[in-house]
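Below are some notes for a colleague who is meeting this structure for the first time. Please keep the sequence and the model at hand while reading the points in order.

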Amino acid sequence: MDIFFYLYLFAIAINDWQTMYFSKWWALPSLVILGLFFPVDLVSSCMGTFLFGGMSILLYHIHHDWIGVADVAYLSYFGFLLGYERMTIALLIGISIGLVYAYIRKAKTIPFLTCLSLGCLVAWWHGYELFYTMLARIWIR
């Protein structure tokens, strides 16, 4: 069943990589994936939606040239799908990949949904472990 999620992330990554444009038609497969993988922990999912969606909306209103509407929508969407723990890891990985991409290519814009998709893939597999390991290391210091 996870293969649908992997194919979905791959399709998002390829589409954003090639076009840097995201159509509203992507909402339909997003809803199908949400129906297949509806989160079990609704508290974590709602916190992920409000935390990452709210942050991205605020960033969009402050610097709308830094982030697109599709980025805002998918940060909220993945925040709900993954929950705040795994989404934190996905965002950290996505931002890291994006910064490396911008540095290597000397690019002013990055295909952020591509980077975020890669982060979501890692977070889907190991997000909880990485989040709580990171939290423990911060707490111990």
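1. Is Ser 45 buried or exposed? In this model, which is predicted, Ser 45 has a relative accessible area of 2%, and because buried means under 20%, Ser 45 is buried. Ser 45 sits in helix α3, and, leaving aside residues up to four places away in sequence, Ser 45 touches Pro 39, Gly 79, Phe 80 and Gly 83.

2. The helix that holds Ser 45 can be checked for its length. Helix α3 covers residues 42-62, which makes 21 residues, and at 1.5 Å a residue these should span 30 Å; the C-alpha atoms at its two ends are 29 Å apart, which agrees with that expectation.

3. Which residues of α3 are buried? They are Ser 44, Ser 45, Gly 48, Phe 52, Gly 53 and Ser 56. When α3 is viewed down its axis, these buried residues fall within an arc of 130°, and they therefore line one face of the helix. Behind such a pattern lies a general property: an α-helix has 3.6 residues a turn, so residues three or four places apart point the same way.

4. The two sides of α3 can then be described in turn. Its buried residues pack against α4, which runs over residues 69-105, while the face turned away from the buried side carries the exposed residues Val 43, Phe 50, Leu 58, His 61 and Ile 62.

5. Glu 85, which lies in helix α4, deserves a careful look, since this residue is buried and yet has no salt bridge. The nearest side chain of opposite charge is that of Arg 86, at 6.4 Å, whereas a salt bridge would need a side-chain nitrogen of Lys or Arg within 4 Å of a carboxyl oxygen. Not counting residues up to four places away in sequence, Glu 85 touches Ser 44, Tyr 128, Phe 131 and Tyr 132, and Ser 44 is one of the buried residues of α3.

6. How many disulfides does a search of the whole structure find? The search finds zero. Cys 115 is in no disulfide, and the nearest cysteine sulfur, which belongs to Cys 120, is 11 Å away; seen from Cys 120, the closest cysteine sulfur is likewise that of Cys 115, and the 11 Å between them is too far for a bond, because a disulfide requires sulfur atoms within 2.5 Å. Cys 115 is buried, with a relative accessible area of 4%, and Cys 120 also counts as buried, at 0% relative accessibility.

7. Two backbone angles should be inspected as well. Most residues other than glycine have a negative phi. Met 20, however, is not a glycine and has a positive phi of about 55°; Met 20 is found in the loop between α1 (2-19) and α2 (27-36), and at 40% relative accessibility counts as partly exposed. Lys 106, another residue other than glycine, has a positive phi near 55°; Lys 106 is placed in the loop between α4 and α5 (112-140), and at 65% relative accessibility counts as exposed.

8. A last point concerns helix α2, in which Leu 28 lies. Leu 28 is exposed, with a relative accessible area of 59%, and, taken from C-alpha to C-alpha, Leu 28 and Ile 93 are 26 Å apart in space and 65 residues apart in sequence.

Note on methods:
Residues are numbered from 1 along each chain as its sequence is written. This is a predicted model: local features need pLDDT of at least 70, side-chain atom pairs count only at pLDDT 80 or more; totals for chains, interfaces and linings use all residues. Side-chain values use heavy atoms; hydrogens and water are left out. Helices (H or I, at least four residues) and strands (E, at least two) are DSSP runs, numbered from the N terminus. The expected span of a helix is 1.5 Å times one less than its number of residues. Buried means under 20% relative accessible area, exposed over 50%, partly exposed in between (1.4 Å probe, protein chains only). The arc is that of the directions from the helix axis to the C-beta atoms. Contact means heavy atoms within 4.5 Å. Lys and Arg count as positive and Asp and Glu as negative; His and the chain ends are not counted.
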